[in-house]
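Please work through the exercises below with the coordinates open, and try each task before reading its solution.

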Amino acid sequence: TIRLYGQIHSRYILTPPGLLQMSEKYLSGDFGFCPLLSCRDSVTSGERQRCLPKGLSDVCGSHEVKLYCPRCQNTFDTNLELPNGDGEGKR
């Protein structure tokens with residue numbers, strides 16, 4: 001059932017409602033922020049760069065979820081509380 005959930009999740013987030021939901025989560029900072037000081041926006045109020053979850057493999061449970069920063073393009077360890085097997089790997 002975990003594998004089936006992962007397959008459904010990976011298809012859902014590619015649909016228009018799924019993309020909208022992911023966009024809202026990204027904009028609200030639900031996935032976390034880049035830990036590097038160089039990724040803070042010095043032009044505005046020092047706002048931190050939002051990150052995205054990144055699975056390193058399509059194989060369920062083979063890797064932990066990482067954070068990807070689109071500004072510096074680095075990948076970091078994370079403490080995201082995602083259920084095991086949702087297409088993102090294990091926690």
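The exercises that follow concern a predicted model and go from confidence to salt bridges and then to the core.

**Exercise 1.** Determine which element of the chain has the lowest mean pLDDT and which has the highest.

Solution. Begin with the chain as a whole, where the mean pLDDT is 78 and 76% of the residues reach 70 or more. Among the elements, strand β1 (residues 40-41) has the lowest mean, 75, while helix α2 (residues 16-27) has the highest, 92. Then turn to residues 80-91, over which pLDDT stays under 50, although the model has 37 contacts beyond four places in sequence for them. Where pLDDT is low, the predicted coordinates should not be read in detail.

**Exercise 2.** Find the two salt bridges of the structure, and work out what the pair K66 and D77 ties together.

Solution. One salt bridge joins the side chains of R50 and E47, at 3.1 Å from N to O, and R50 also lies over the face of Y26, 5.9 Å from the ring centre. The side chains of K66 and D77 form a salt bridge at 2.3 Å, N to O. Because K66 lies in strand β4 (residues 66-68) and D77 in strand β5 (residues 75-77), this pair ties together parts that are eleven residues apart in sequence. As for burial, K66 counts as buried because its relative accessibility is 18%, whereas D77, at 59%, counts as exposed.

**Exercise 3.** Which residues make up the largest nonpolar core?

Solution. The core has seven residues, namely F31, C34, C39, C51, L67, C69 and F76. Taking C39 as a starting point, and leaving aside residues up to four places away in sequence, one finds that C39 touches C34 and C69, as well as E47, R48, Q49, R71 and C72.

Methods. Residues numbered from 1 in each chain as written. Predicted model: local features only at pLDDT ≥ 70, side-chain atom pairs only at ≥ 80, totals over all residues. Heavy atoms only, no water. Core = buried A, V, L, I, M, F, W, Y, C linked by side-chain atoms within 4.5 Å. Buried < 20%, exposed > 50% of the residue type's maximum accessible area, 1.4 Å probe, protein only. Contact = heavy atoms within 4.5 Å. pLDDT = per-residue confidence, 0-100. Helix = DSSP H or I, 4+ residues; strand = E, 2+ residues; numbered from the N terminus. Lys NZ or Arg CZ within 6 Å of the ring centre and 35° of its normal. Salt bridge = Lys/Arg side-chain N within 4 Å of Asp/Glu carboxyl O.
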